[in-house]
Amino acid sequence: MTFRGEVSDEEVVDAYRRADLFVAPSRFESFGLIFVEAMMAGTPVVALDAGAAPEVIGATGAGALTAPDSASLASTLAELVGDSDRRARMSIVGPRPVRG
């Protein structure tokens, strides 16, 4: 993990795009913008079935929701890390930004 400090919006989008998965096991993510950003970049999302995640990710197919315990999270991650085809399917169903 690298803490880079302040970065440009373009660098944030690039980081999302380069990631195999975006994992945010937050129990109290109130708005869910981080999930939307990852999905817009085509990055599959793993989140706890808590807070804003179920509403934001819901039935999009662009992410996986897991129970809020470490065993469930570890199981979901192991499943997705080992299934590149599923990650690829998840990455193409997420929303994309509209370019003008």
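Q: Leaving aside neighbours within four places in sequence, which residues is Thr76 in contact with?
A: Happy to start here, with the reminder that this is a predicted model. Thr76 is found in helix α4. Beyond its neighbours within four places in sequence, the contacts of Thr76 are Val46, Ala64 and Thr66.

Q: Is Thr76 buried or exposed?
A: The relative accessible area of Thr76 is 14%. Buried means under 20%, so Thr76 counts as buried.

Q: How far apart in space, C-alpha to C-alpha, are Ala67 and Asp49?
A: Let's move to the loop between β3 (63-66) and α4, where Ala67 sits. Ala67 is partly exposed, with a relative accessible area of 33%, and it touches Leu48, Ser72 and Leu73, not counting residues up to four places away in sequence. In sequence, Ala67 and Asp49 are 18 residues apart; in space, their C-alpha to C-alpha distance is 5.6 Å.

Q: Are α4 and α5 roughly parallel or roughly perpendicular to each other?
A: The axes of these two helices come within 6 Å and cross at roughly 95°. Angles of 65 to 115 degrees count as roughly perpendicular. The relation of α4 to α5 is therefore roughly perpendicular.

Q: Which residues in α5 do Glu79, Leu80 and Val81 in α4 meet?
A: By class, the contact of α4 with α5 has three nonpolar, one polar and three charged residues. On the α4 side are Glu79, Leu80 and Val81. Their partners in α5 are Ser84, Arg86, Arg87 and Met90.

Q: Which elements give two or more residues to the largest nonpolar core?
A: In soluble globular proteins, nonpolar side chains tend to be buried together. Here the largest nonpolar core has 14 residues, and those with the most contacts inside it are Phe22, Phe35, Val45, Ala47 and Ile57. The elements giving two or more residues to this core are β1 (22-24), α2 (33-40), β2 (45-48) and α3 (53-57).

Q: How many residues are in the second, separate core?
A: Good follow-up! This core includes Leu21, Val46, Leu80 and Met90. Two of its members, Leu80 and Met90, are also among the residues where α4 and α5 meet. The second core's residue count is six.

Q: In which helix is confidence highest?
A: The chain averages a pLDDT of 88, and 93% of the residues score at least 70. Confidence is lowest in helix α5 (residues 84-93), at a mean of 89. The highest mean, 96, belongs to residues 70-81, which form helix α4.

Terms used
Residues numbered from 1 in each chain as written. Predicted model: local features only at pLDDT ≥ 70, side-chain atom pairs only at ≥ 80, totals over all residues. Heavy atoms only, no water. Core = buried A, V, L, I, M, F, W, Y, C linked by side-chain atoms within 4.5 Å. Buried < 20%, exposed > 50% of the residue type's maximum accessible area, 1.4 Å probe, protein only. Helix = DSSP H or I, 4+ residues; strand = E, 2+ residues; numbered from the N terminus. pLDDT = per-residue confidence, 0-100. Axes fitted to C-alpha atoms, helices over the stretch in contact; angles between N-to-C directions. Parallel < 35°, antiparallel > 145°, perpendicular 65-115°, else oblique. Contact = heavy atoms within 4.5 Å. Nonpolar A, V, L, I, M, F, W, Y, C, P; charged D, E, K, R; others polar.
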